[in-house]
Amino acid sequence: MFKSLFAKLLIGYLTIFIITLAASTAAITFIYQAFVFSEKEHSLGNGAQQVNDYYVAWLNGEISREGFERSTDAIGRVMDSVIYAVEVDAEGLNKYYEDNTDKGVKDSYIIEDLINIMKNGQVFRKEEYSVAQDTYMVYHGLPLVVDGVVKGAILQYSPVEQIRSGLVQIYIQIWSVGAVMGIMGILVIYLYSTRTSRSLRELERAAAQIAAGNPVEDIASAGDDELSQLIRVFNEMKGKLEHIETMRRDFIAGISHELRTPLTSISGFVQGMKDGLVPKDEIPAVLTIIQQETRRLISLTGEILDLVKMENGGEELFLEKFRVFDALTFIIGSLNIKEKKPGLQVEMLCPEDLSIVADSDRFRQIMLNLLSNAIKYTDPPGKILVEVERQGKWVKFGVIDTGIGIDAEELPFIFERFYRTDKSRHSRTGGAGLGLNIAKAMVEQHRGQIWVESQVGEGTKAWFTMPIGEEGEA
Ligand code: ATP
Ligand code: MG
């Protein structure tokens with residue numbers, strides 16, 4: 001029956017709340033009642049003590065019997081009680097006083113109590129049926145002491161009804177406050193349970209939608225409790241999943257597009273040759289194009305493999321300390337720039353004793369990606385400068401060219417996958433737009449930074465940093 005979380009929360013909280021409230025209200029009632037009776041006992045005790053004093057004064061002739069009776073009557077009225085003062089001697093009941101009700105010692109237990117009180121001291125009972133008064137009474141007895149000797153007892157009866165009706169008034173007030181608190185509490189618990197269960201239901205629904213691959217709106221969250229934090233984290237996670245999903249789609253779309261172009265071109269040329277449409281003397285040129293396109297495909301698949309590796313958190317880095325000068329000399333040499341683009345000047349400014357701690361394969365890949373851009377987008381007689389300098393615990397590398405440059409508006413996007421500027425898209429030399437993205441991921445794997453500054457028509461400066469080798473020397 002109480003299967004839903006809402007019902008469970010509601011019933012659970014309500015049970016705890018109602019039990020606590022009822023128990024505390026009952027405790028207050030009980031404590032208050034005990035307090036009222038102890039006050040009554042206390043005031044009856046004081047009254048009895050006064051009667052005792054007047055009795056002694058009367059015995060000593062300090063006041064008349066009328067004086068004693070009037071005083072005792074007055075005390076009885078103030079206490080709302082009937083007072084008996086009884087002195088007992090060897091012959092039994094001797095002197096006896098009863099206040100103005102004039103009904104005599106009719107209750108049988110009075111004599112018994114008299115003995116008891118004389119022996120054991122004060123007696124107080126909350127409910128005692130009085131035959132004389134024909135009602136339940138609060139009963140109080142105190143030994144009557146004359147000259148330090150117990151001579152008898154002072155007995156007092158006060159109707160319980162009086163105290164009861166006063167108590168009932170107070171009970172009604174206590175329980176009314178309890179009821180108001182109860183209603184307010186129930187309301188708060190209801191609202192809280194609804195809110196909690198609603199948020200959880202929304203979370204569940206959203207999670208199911210995400211699992212089904214459907215788009216989901218952010219879940220609203222106010223406050224700072226664990227549930228609100230969970231919702232915020234959930235929203236963040238959802239955002240990331242959506243981002244990954246978009247990236248995945250774009251990635252596949254990009255790859256398909258990049259593969260399609262060279263394949264279409266190769267297929268077109270091969271078909272042309274098969275159909276005998278290409279004149280014999282042009283066949284070498286066509287084969288060169290096919291070879292170029294094939295190389296493009298190979299480089300593209302290489303880049304895609306790199307990307308997939310990065311995507312999976314990157315393979316573990318094989319960190320080693322090596323001399324930058326040697327590594328750069330080898331990388332630049334392997335590029336064969338003079339043959340590829342005659343007239344392009346390449347220069348390297350690098351301290352010979354500088355080393356870094358890095359994965360040398362990745363470092364080579366980063367340099368190749370930046371250098372290939374510089375070569376691609378710089379026409380002879382341009383210049384490419386590779387500059388290296390130490391910066392504290394880092395080594396900063398720069399690949400600076402005097403090429404076509406990048407438009408300021410396009411600069412923020414060049415690290416995105418498949419992003420190519422307008423200019424490079426129109427040139428046949430263009431790649432897939434993956435090089436910088438891969439370089440960035442690799443630099444960040446080393447906790448370094450990468451950035452590009454550029455001015456259209458003047459050239460481009462691509463910078464990145466790598467952690468320095470200990471002591472900065474090889
Ligand atoms: P890929 O590197 O995948 O073969 P790509 O070189 O086009 O292709 P990126 O290296 O990622 O891709 O560069 C992204 C874009 O940034 C390039 O297409 C080009 O428009 C621009 N760009 C990068 N470096 C330079 C540079 N040195 N000079 C001018 N434009 C550049
Ligand atoms: Mg590139």
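A residue counts as exposed when its relative accessible area is over 50%, as buried when it is under 20%, and as partly exposed in between. With that scale in hand, we can start at D147: its relative accessibility is 66%, so D147 counts as exposed. Please keep in mind throughout that this is a predicted model.

**Residues with positive phi**

D147 sits in the loop that links β4 (135-146) and β5 (149-159). Its phi is positive, about 50°, although D147 is not a glycine. N336 is another non-glycine residue with a positive phi, near 55° in this case. Its loop runs between α7 and α8 (337-340). Because its relative accessible area is 42%, N336 falls in the partly exposed class. Two further residues belong in this group: R447, which comes after α11, and G392, in the turn between β9 and β10. The table brings the four together.

| Residue | Phi | Place |
|---|---|---|
| D147 | about 50° | loop between β4 and β5 |
| N336 | near 55° | loop between α7 and α8 |
| R447 | near 65° | following α11 |
| G392 | about 60° | turn of the β9 and β10 hairpin |

If you are checking backbone geometry, there is also a cis peptide bond to look at. P380 and P381 are joined by it, with omega at about 5°. P381 belongs to the loop between α9 and β9.

**The five-stranded sheet**

What is the order of the strands in the open sheet of five? Reading across, the order is β7-β9-β10-β12-β11, and the pairing is mixed. At the edges are β7 (345-349) and β11 (450-455), each of which pairs on one side only. From one strand to the next, the twist averages 15°.

As general background, the strands of a sheet pair through backbone hydrogen bonds, in either a parallel or an antiparallel way. Here, β9 (residues 383-391) and β10 (residues 394-401) run antiparallel and are joined by eight bridges. Two residues separate these strands in their hairpin. Two pairs let you follow the register: L385 has I400 of β10 as its bridge partner, and E387 stands opposite G398 of β10.

β10 is also joined to β12, again by eight bridges and with the strands running antiparallel. One of the pairs here is D401 with T460 in β12. Is β10 buried or exposed? Seven of its eight residues are buried, so the strand is largely enclosed by the rest of the structure.

A helix packs against this part of the sheet. Helix α7 (residues 324-334) lies across β7, β9 and β10, and its direction makes an angle of about 170° with β7.

**The β6 and β8 pair**

Strands β6 (residues 319-323) and β8 also run antiparallel, with five bridges between them. For a point of register, E320 has A358 in β8 as its bridge partner. Strand β8 (residues 355-359) is mostly covered, with four of its five residues buried.

**Helix α11 and the second largest pocket**

Which residues of α11 are buried? They are G435, L436, N437, I438, A439, M442 and V443. The elements that cover them include α6 (283-311), α9 (360-376), β11 and β12 (459-467).

A441 lies in the same helix, which spans residues 435-445. Why is A441 not classed as buried? Its relative accessible area is 23%, so A441 is partly exposed; the buried class needs a value under 20%. The C-alpha atom of A441 is 9.1 Å from that of E311, although the two residues are 130 apart along the chain.

A441 also helps to line the second largest pocket, whose volume is about 350 Å³. The rest of the lining is made up of H243, M247, D250, F251, F415, E416, R417, F418, N437, K440 and E444. Two elements, α5 (226-274) and α11, give two or more residues to this lining. For anyone thinking about its chemical character, the lining divides into five nonpolar, two polar and five charged residues. N437 links the two descriptions in this section, as one of the buried residues of α11 and as part of the pocket lining.

Key. Residues are numbered from 1 along each chain as its sequence is written. Chains are lettered from A and ligands numbered from 1 in the order in which they are written. This is a predicted model: local features need pLDDT of at least 70, side-chain atom pairs count only at pLDDT 80 or more; totals for chains, interfaces and linings use all residues. Side-chain values use heavy atoms; hydrogens and water are left out. Buried means under 20% relative accessible area, exposed over 50%, partly exposed in between (1.4 Å probe, protein chains only). Two strands pair if DSSP finds at least two bridges between them. Axes are lines fitted to C-alpha atoms, for helices over the stretch in contact, and angles run from 0 to 180 degrees between N-to-C directions. Contact means heavy atoms within 4.5 Å. On a 1 Å grid over the protein atoms alone, a cavity is a set of points where a 1.4 Å probe fits but cannot get out, and a pocket is an open set with protein on both sides within 12 Å along at least five of seven lines; lining residues have an atom within 4 Å of a point. Grid points are joined across faces, edges and corners, and a volume is the space filled by probe spheres set on the points. Ala, Val, Leu, Ile, Met, Phe, Trp, Tyr, Cys and Pro count as nonpolar, Asp, Glu, Lys and Arg as charged, and the others, Gly among them, as polar.
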